[in-house]
Each structure stands twice: as C-alpha cells, then as structure tokens.
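Here's a quick walk through one protein model, written for someone who'd rather be at the bench. Have the structure open and follow along.

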Amino acid sequence: MNKPLRPVDFTPDEDDGPLYAAGKKIYQQSVTGPFRRTKWILMAVCLGIYYFLPFVRWNRGLGAPDQAVLIDLANNRFYFFFIELWPQEIYYFTGLLIIAAVALFLMNALGGRVWCGYLCPQTVWTDLFYAVERLIEGDRRERMRKATEPWNLQRGAELVLKHSIWLMIAWWTGGAWVLYFADAPTLIKELVTFQAPMVAYIWIGILTFTTYTLAGFMREQVCVYMCPWPRIQAALTDEWALNVTYKYDRGEKRTSFKKAAALRAAGEHVGDCVDCNQCVAVCPTGIDIRNGPQLDCIQCGLCIDACDNVMTKIGRPTRLIGYDNDINIHRRMEGKPEVFKPLRARTVVYSAIIVSIGAVMLYALMNRSLLDLNVLHDRNPVAVRLSDGSVRNGYTIRFLNKRGFDRVVAVDVDGPPNARIHVVGADSITPDRPMIILARDTTTELRVLVDSNSNEEIAKSVPVTFHVTDIGLGEVASAKDVFVTP
C-alpha cells in the first residue's frame with residue numbers, strides 16, 4: 001500500500017536574497033596613478049586610430065582607391081594599406097579571428113581581464129563619458145550632492161551640456177564607422193549635403209543610439225549582465241594567472257589609521273588596510289575588491305592607484321592591492337618567497353598557436369598568386385559529339401586579375417588527346433593558343449570550349465588542366481576539372 005506523499009514546504013529561506021537586484025547608481029571618483037595614466041594613453045591611441053584612420057591615404061596606383069583602410073562592399077574588396085583581399089581570400093579573416101581569440105586567452109592567462117580593463121570598446125567609451133561627466137558636474141562627492149538637491153537652472157544647464165557632448169561623441173562614433181565603407185572625404189561631403197545613401201544615415205543613427213545608451217547609461221551593466229566574456233574567462237584561467245587582488249595577508253585585520261597606530265604601539269597585529277573605501281569609490285563597477293574575486297571586476301587597476309595613494313600618505317608600503325594570485329598570498333603567509341610563472345603549458349601553447357597561424361598567414365600572403373582562375377563544367381549537356389567525330393566539352397572559366405594594371409594572358413589545356421581550346425567571344429592572333437586581355441583588378445568570366453579529336457578510344461572521364469600564363473610577367477595559374485565523353 002502506497003503511503004500518501006508529504007506536502008513540500010516551499011516557504012523561502014530567510015537567507016535567500018531577491019531574484020533580481022535593483023540597479024544602483026555608481027558615482028566613480030577620479031584618481032591619479034600609473035594605471036590611470038595607462039588607461040588615458042590607451043584611450044587616446046584607440047580612439048585616435050578609430051576616428052582618424054579612415055582619413056589616412058595610401059597610393060595604390062591610377063584608378064585604385066587611395067584610402068588606407070577600406071571595406072569596399074560594392075566591389076567586394078578589403079584594403080589594408082598594401083594588402084588587398086578578395087572574397088576568395090576570406091580565410092585570412094578566419095585566421096585573424098582565431099589569432100584574436102587565442103590572444104585574448106593568452107592575455108587572460110597572464111594578466112586576467114586585461115582586455116576588459118584597458119582595451120574593450122565598452123570600457124574605452126565609458127571612460128570617455130565618465131571624463132565628460134566629471135568635467136561638467138564635478139567629482140564623486142559633488143555629483144552625489146547634486147543628485148539629492150532640487151533642480152535649478154544651473155543643474156539643468158549642466159545636464160543639457162553633458163548629454164549634448166555625449167550625443168556628439170556617440171554621433172561621431174557612428175559616423176566614423178561608416179567611413180570605413182566608402183571614401184571618407186567624399187562620404188562626409190555627401191552626408192553634409194544629404195546626398196549620402198540612406199543606409200549610411202541608418203547605421204549612423206543605430207550606432208549613435210547604442211553608444212549613447214551603453215556608455216552613458218548602462219555602463220557597468222553591460223560588463224556584468226550582457227557580456228559573456230566574464231563567464232568564459234573564468235573557465236580559461238588558472239591558479240597562476242595574475243589578477244587585481246587585495247593582499248589580505250598584509251591588509252588584515254583592517255582598522256582606521258588612528259586605531260591602527262594605537263594598536264601597533266600596544267604590540268598588537270594590525271593590517272595595513274585602513275578601511276578608507278577609496279578602492280570602492282574609484283571602481284567603475286562599484287565593487288569592493290577586498291571581498292575577493294568577483295564577476296563584476298573588470299580589473300582596470302584603478303583601485304591599485306587609489307590604494308597606493310593612501311598608503312603613500314600614511315607611510316605604509318604600496319601595492320596593498322596589486323596584480324597577484326592566491327598562491328603567492330599563501331606563500332607569503334608561510335614565510336616563503338613569491339613565485340611567478342608566466343611561462344607554463346597554457347601560455348606556451350597559446351603563444352605557439354598565435355605564432356604558427358601568423359607565420360602560415362604571412363607566408364601565404366607573401367607568396368599568394370595575383371593571377372587565378374576557377375573552372376565550372378557545363379551540366380547540360382556535359383559533352384557533345386560533333387559531326388567530324390570529335391568530342392566537345394564546355395566550361396565557364398572565371399579569370400581573376402588582382403594586379404592594378406591590364407595584362408595579356410595565354411590559355412592552354414592539358415588532358416584529352418589532341419585537345420584544342422577555343423575562347424568564345426575572344427579573338428586571338430594565335431587560334432591554337434588563345435590570348436586574351438584581362439582588365440586590372442577585375443574578375444573576367446568567359447566561356448571556353450575544348451575539343452578532342454583522336455582515333456584512340458577516349459575514356460569516359462579524363463582529367464583536364466587549364467593553364468593561364470601572363471605573357472609579360474610569366475605568372476602562371478592552373479585549375480583542374482574533367483573531360484567526359486557522351
């Protein structure tokens with residue numbers, strides 16, 4: 001006989017927190033120090049490259065675009081200074097994406113979330129928006145005070161000015177992006193005179209809105225809730241990776257500066273942390289680094305600068321917060337020297353992958369052919385027997401001339417016995433070896449007929465190879481297919 005099921009008590013535990021946490025306003029305080037200066041320098045470099053790179057010129061010859069970096073979607077080209085990539089060379093982009101991903105893994109293995117703290121676009125633009133906010137509204141305490149006071153004319157003017165500058169930055173961010181897809185000076189003129197394509201205005205509007213929203217309002221919420229990298233990097237790190245760490249072996253037990261001096265005078269052990277909360281005040285995500293590793297920490301190093309400034313003022317050693325790991329903390333507590341292992345299995349493997357793929361891509365780029373062809377056999381009919389008994393196969397051949405000038409090429413064929421080749425629609429002074437002109441930097445598609453007249457029995461399928469040779473430069477390109485009989 002089955003016993004009746006006991007009712008389950010679904011009463012929530014008093015210790016359980018809320019399912020959703022309300023967003024809190026973060027008032028980041030300014031700070032000075034080496035990490036802050038590094039962030040300023042990287043911000044200037046990154047934004048300078050992004051905003052002004054479309055205006056850099058690069059001479060590629062007559063008729064070729066002279067923009068150094070250009071994504072020419074209309075002509076299916078990507079230009080990067082002296083490099084010109086075609087759609088058929090998409091594998092270079094695949095290689096770059098792999099290198100970028102592995103480089104991100106390597107940075108994580110060496111210095112934690114270096115990308116998040118210094119180079120991520122969200123971090124860079126949020127830093128810039130914070131700088132504008134502090135310049136107009138004042139530093140942390142002043143902004144907190146203004147947030148609690150009633151509105152007045154000055155407060156309204158400050159907000160209008162701040163949001164106007166934010167919108168200008170966001171607008172130029174979207175405008176700079178579309179400049180990579182067309183000649184920058186020409187597109188700017190068209191945008192100003194309202195003659196640019198509608199898609200340009202649409203993308204500028206989208207990127208203006210996203211930049212203004214993400215950097216001006218969502219800020220740390222993008223890093224905490226939207227970005228997947230904090231969760232991914234936690235699975236890729238190890239115990240030897242250096243992260244921004246509060247060295248509790250030195251900092252605890254924490255107490256105020258005055259009490260610490262009295263306790264030290266009494267011979268009691270006191271840590272160096274004076275509980276000033278400066279590390280919290282300068283944090284862009286508002287966390288307390290002293291609570292240990294946290295998902296919200298982007299490891300920007302600003303808390304290191306803030307803590308070093310306090311330690312210097314009170315006459316204590318700096319780097320109470322610094323790049324460290326738990327292994328060294330425990331070693332110091334045991335009286336052992338610190339150990340750092342930048343060279344270990346994962347960092348060596350990551351570096352080897354980057355170097356290997358980079359070397360392969362560089363070799364392929366330096367030795368790539370600027371003359372190429374692709375062959376497509378006719379499907380219906382695949383072969384025709386002519387009145388003289390010969391067999392004819394038809395092909396569509398696409399010739400690629402990647403050079404910046406016209407060239408004369410000869411077309412040859414190997415495979416079936418007594419093969420003759422004819423290029424439809426192309427007159428040549430050498431009928432047995434057709435010669436055609438390929439326009440510069442273009443793809444030319446032609447129909448080619450191959451006849452085979454032989455007294456010997458021809459197999460049902462014979463391999464056939466097409467060769468195209470540049471008469472002037474001697475460059476050769478080949479492509480294979482089959483020659484079939486009816």
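What follows covers a helix, a helix pair, two sheets and a few single residues.

This is a predicted model, so read it that way: local features need pLDDT of at least 70, side-chain atom pairs count only at pLDDT 80 or more, and totals for chains, interfaces and linings use all residues. Residues are numbered from 1 along each chain as its sequence is written, and side-chain values use heavy atoms, with hydrogens and water left out.

**Helix H1**

A word on labels: helices (H or I, at least four residues) and strands (E, at least two) are DSSP runs, numbered from the N terminus. Helix H1 takes in residues 34-52, which is 19 residues, and reaches 27 Å from its first C-alpha to its last. That is close to the 27 Å expected at 1.5 Å a residue, where the expected span is 1.5 Å times one less than the number of residues.

Which residues of H1 are buried? They are Phe35, Arg36, Lys39, Met43, Leu47, Tyr50 and Tyr51. Here, buried means under 20% relative accessible area, exposed over 50%, and partly exposed in between (1.4 Å probe, protein chains only). Looking down the axis of H1, the buried residues fall within an arc of 115°, so they line one face of the helix; the arc is that of the directions from the helix axis to the C-beta atoms. The background is simple enough: an α-helix has 3.6 residues a turn, so residues three or four places apart point the same way.

Turned away from that buried side, H1 carries the exposed residues Arg37, Ile41, Ala44 and Phe52. The cover over the buried residues of H1 includes helices H3 (114-119), H4 (121-137), H6 (153-178) and H14 (302-314), plus strand E5 (321-324).

**H4 against H8**

H4 also meets helix H8 (residues 198-218): their axes come within 8 Å and cross at roughly 70°. Axes are lines fitted to C-alpha atoms, for helices over the stretch in contact, and angles run from 0 to 180 degrees between N-to-C directions. That makes H4 roughly perpendicular to H8, a label for angles of 65 to 115 degrees (under 35 degrees is roughly parallel, over 145 roughly antiparallel, and the rest oblique). On the H4 side, Gln122, Trp125, Thr126 and Phe129 meet Thr211, Tyr212, Leu214, Ala215 and Gly216 of H8. Contact means heavy atoms within 4.5 Å.

**Two sheets**

An open sheet of three strands has the order E1-E2-E3, with antiparallel pairing; two strands pair if DSSP finds at least two bridges between them. Strands E1 (69-72) and E3 (83-85) stand at the edges with a single partner strand each, so one side of each has no neighbour in the sheet. Neighbouring strands here are turned by 10° against each other on average, direction ignored. E1 is joined to E2 (residues 77-80) by four bridges, and Ile71 has Phe78 in E2 as its bridge partner.

Another open sheet has four strands in the order E11-E9-E13-E14, again with antiparallel pairing. Its edge strands are E11 and E14 (476-484), each pairing on one side only. In this sheet, the average turn between neighbouring strands is 30°, direction ignored. E9 (residues 407-414) shares four bridges with E11 (residues 435-438) and six with E13 (residues 461-470). Some residues that stand opposite each other:

| Residue | Opposite residue | Strand of the opposite residue |
|---|---|---|
| Arg407 | Leu438 | E11 |
| Val408 | Ile437 | E11 |
| Val409 | Ile436 | E11 |
| Ala410 | Thr469 | E13 |

Side chains alternate along E11: Ile436 and Leu438 point to one face and are buried, while Met435 and Ile437 point to the other and are not. Over in E13, Thr469 is buried at 16% relative accessible area. Leaving aside neighbours within four places in sequence, the contacts of Thr469 are Val408, Val409, Ala410, Asp412, Arg433, Glu475 and Val476.

**Two residues to click on**

Is Met333, in helix H15, buried or exposed? Met333 counts as exposed, at 52% relative accessibility. Not counting residues up to four places away in sequence, Met333 touches Tyr248 and Asp249. Asp249 is 84 residues away in sequence, yet 6.3 Å from Met333, C-alpha to C-alpha.

Pro342 sits in the loop between H15 (326-333) and H16 (345-366). Pro342 is partly exposed, with a relative accessible area of 47%. Beyond neighbours within four places in sequence, Pro342 contacts Leu110 and Thr347. The C-alpha atoms of Pro342 and Leu110 are separated by 6.3 Å, with their positions 232 residues apart along the chain.
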